[in-house]
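Let's take a look at how the parts of this protein meet. The sequence and the structure come first, then a short tour.

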Amino acid sequence: DIIPQPLLDQYLSMTDPARAQTVDTEIAKHCAYSLPGVALTLGRQNWHCLKDTYETLASDVQWKVRRTLAFSIHELAVILGDQLTAADLVPIFNGFLKDLDEVRIGVLKHLYDFLKLLHADKRREYLYQLQEFVVTDNSRNWRFRYELAEQLILILELYNPNDVYDYLRHIALTLCSDKVSEVRWISFKLVVAILQKFYANNATALGLNFINELVVRFRHCSKWVGRQAFAFICQ
């Protein structure tokens with residue numbers, strides 16, 4: 001009673017391979033692009049109508065279709081709420097994390113938006129996987145690492161100081177030594193945000209340990225780039 005059933009049937013049939021051959025080769029991509037809007041219109045109580053179509057699109061052979069879904073999965077999570085997100089979206093999200101860079105960037109650009117919607121215990125599972133974003137199919141794809149640093153600055157608020165020290169600190173230090181200056185610049189801001197996190201949460205010991213690490217790694221670096229990094233961090 002929300003939208004006419006024939007209209008919904010027509011929409012759901014857009015994933016049929018025969019439609020791609022007879023109507024439009026891009027039809028699955030159009031279907032993926034519109035899906036959050038259809039889900040919002042139907043409401044989370046009718047998600048079961050779209051679930052199979054979504055899973056079909058998420059495993060489409062065309063990376064452009066998967067990329068479209070990756071860019072909007074955080075919007076769909078808001079529409080569906082935490083329970084449906086944990087049950088139906090998290091497995092697809094995990095698949096996108098291991099996909100091509102063209103698909104992974106969609107997940108990465110809105111990583112904070114997606115993670116903040118998960119329960120704390122579910123969110124902790126991703127601490128181990130954030131490291132994987134440092135590695136890309138093409139090492140020249142520096143914007144990927146830049147985006148990672150930007151997202152980590154936001155993500156810091158989602159984890160406690162010990163988790164930040166154990167997991168995110170290593171990523172920040174790796175990015176600070178990146179070959180591309182743009183990535184290093186944003187990473188210096190990430191390092192400072194980590195220090196602020198420690199001191200704002202009275203984790204002074206962690207803060208001091210991190211500062212000592214920065215001194216050893218950058219202040220006493222044999223290369224001028226490292227010493228320059230230390231100056232920027234102090235600034």
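Between domain 1 and domain 2, 7 residue pairs are in polar contact, both residues being at pLDDT 80 or more. A polar contact is a pair of N or O atoms within 3.5 Å; within protein, one must be able to donate a hydrogen and the other to accept it, and residues adjacent in sequence count only if both atoms are side-chain atoms.

This is a predicted model, where local features need pLDDT of at least 70, side-chain atom pairs count only at pLDDT 80 or more, and totals for chains, interfaces and linings use all residues. Residues are numbered from 1 along each chain as its sequence is written, and side-chain values use heavy atoms, with hydrogens and water left out.

On the side of domain 1 that touches domain 2, two elements give two or more residues: α6 (101–109) and α7 (111–115). Helices here are DSSP runs (H or I, at least four residues), numbered from the N terminus. The largest share of that side, 5 residues, comes from α6.

And the salt bridges? The rule (a side-chain nitrogen of Lys or Arg within 4 Å of a carboxyl oxygen of Asp or Glu) finds 1 across the interface of domain 1 and domain 2. Lys109 forms a salt bridge with Glu147, with 3.1 Å between the closest N and O atoms.

Here is how the chain is divided, by an automatic or database domain assignment:

| Domain | Residues |
|---|---|
| domain 1 | 1–118 |
| domain 2 | 130–234 |

Taken over C-alpha atoms, the centres of domain 1 and domain 2 are 33 Å apart.
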